[in-house]
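User: I'd like to learn how to read the packing in a structure like this one. Could we go through it together, one feature at a time?

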Amino acid sequence: MNIDYHHTTQTGDREINQDYCAQQITDQGALFITADGLGGHQAGERISQVFCDNMLALAKDYKIKLQSAQAKQTMQDWFKLAIDKMAKDYINDSAMQKAHTTCALLWLDNKQTITVHIGDVRIYRITDKQLSRTRDHSVP
């Protein structure tokens with residue numbers, strides 16, 4: 001799969017950028033992940049990276065399953081396993097136990113596009129005729 005892509009991030013008014021972006025592109029498809037640690041919580045910059053890394057590490061087990069009729073359930077299972085792995089790996093790390101992150105995942109293959117997002121990290125779709133984005137889950 002040949003894809004041009006760009007990530008952009010801004011630190012905002014914080015000293016540490018808690019954003020983390022990762023991608024994996026193979027012949028099976030392309031996975032893009034962006035996570036943004038919540039600034040009001042400890043270890044936001046760590047949890048965002050760990051979440052992305054866990055999703056990538058588990059990707060090989062889930063990519064083929066995404067091409068089945070059960071793609072939505074597969075994505076939910078993959079997502080949950082990444083979160084469960086973080087909880088297990090950092091059970092004795094009090095900062096990581098209190099850390100939170102938002103995230104957006106984009107999966108593309110030759111037959112489908114799947115998006116998952118939580119919080120105010122957005123996925124934009126730009127075509128010649130339209131600009132659209134995922135809904136922001138933030139509560140002002």
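User: Let's start with helix α2. Which residues of α2 are buried?

Analyst: Happy to help, and keep in mind that this is a predicted model. A residue counts as buried when its relative accessible area is under 20%. In α2, that applies to Ala71, Thr74, Met75, Trp78, Phe79, Ala82 and Met86. Seen down the helix axis, these buried residues fall within an arc of 135 degrees, so they line one face of α2.

User: What does the face turned away from the buried side of α2 carry?

Analyst: There you'll find the exposed residues Lys72, Lys80 and Lys88. As for its overall dimensions, α2 runs from residue 71 to 89, and its 19 residues reach 27 Å from first C-alpha to last, close to the 27 Å expected at 1.5 Å a residue.

User: And what do the buried residues of α2 pack against?

Analyst: Their packing partners are two kinds of element: the helix α1 (44-66), and the strands β2 (30-37), β3 (101-108) and β4 (113-118).

User: Let me pick β2 from that list. How many of the eight residues of β2 are buried?

Analyst: Six of the eight are, so β2 is largely enclosed by the rest of the structure. To read a strand, also look at its pairing. β2 pairs with β1 (residues 19-25) in the antiparallel sense over seven bridges, and a hairpin of four residues joins β1 to β2. You can find the register from Cys21, whose bridge partner in β2 is Thr34. β2 also pairs with β3, again antiparallel, over eight bridges; here Gly37 has Thr101 in β3 as its bridge partner.

User: How should I think about the core?

Analyst: In soluble globular proteins, nonpolar side chains tend to be buried together. Here the largest nonpolar core has 28 residues, and Leu31, Ile33, Phe51, Met55, Met75, Trp78 and Leu105 touch the most other members. β2, α1, α2, α3 (94-98) and β3 each supply at least two residues of this core. The largest share, ten residues, comes from α1.

User: Could we zoom in on Ile33? Which residues is Ile33 in contact with, leaving aside its neighbours within four places in sequence?

Analyst: Ile33 is in contact with His7, Tyr20, Cys21, Ala22, Phe51, Cys52, Met55, Leu56, Ala104 and Leu105. There is also a second, separate core of six residues, which includes Ala30, Phe32, Ala104 and Val121.

How values were computed: Residues are numbered from 1 along each chain as its sequence is written. This is a predicted model: local features need pLDDT of at least 70, side-chain atom pairs count only at pLDDT 80 or more; totals for chains, interfaces and linings use all residues. Side-chain values use heavy atoms; hydrogens and water are left out. The expected span of a helix is 1.5 Å times one less than its number of residues. Buried means under 20% relative accessible area, exposed over 50%, partly exposed in between (1.4 Å probe, protein chains only). The arc is that of the directions from the helix axis to the C-beta atoms. Contact means heavy atoms within 4.5 Å. Two strands pair if DSSP finds at least two bridges between them. A nonpolar core is a set of buried Ala, Val, Leu, Ile, Met, Phe, Trp, Tyr and Cys residues joined through side-chain atoms within 4.5 Å.
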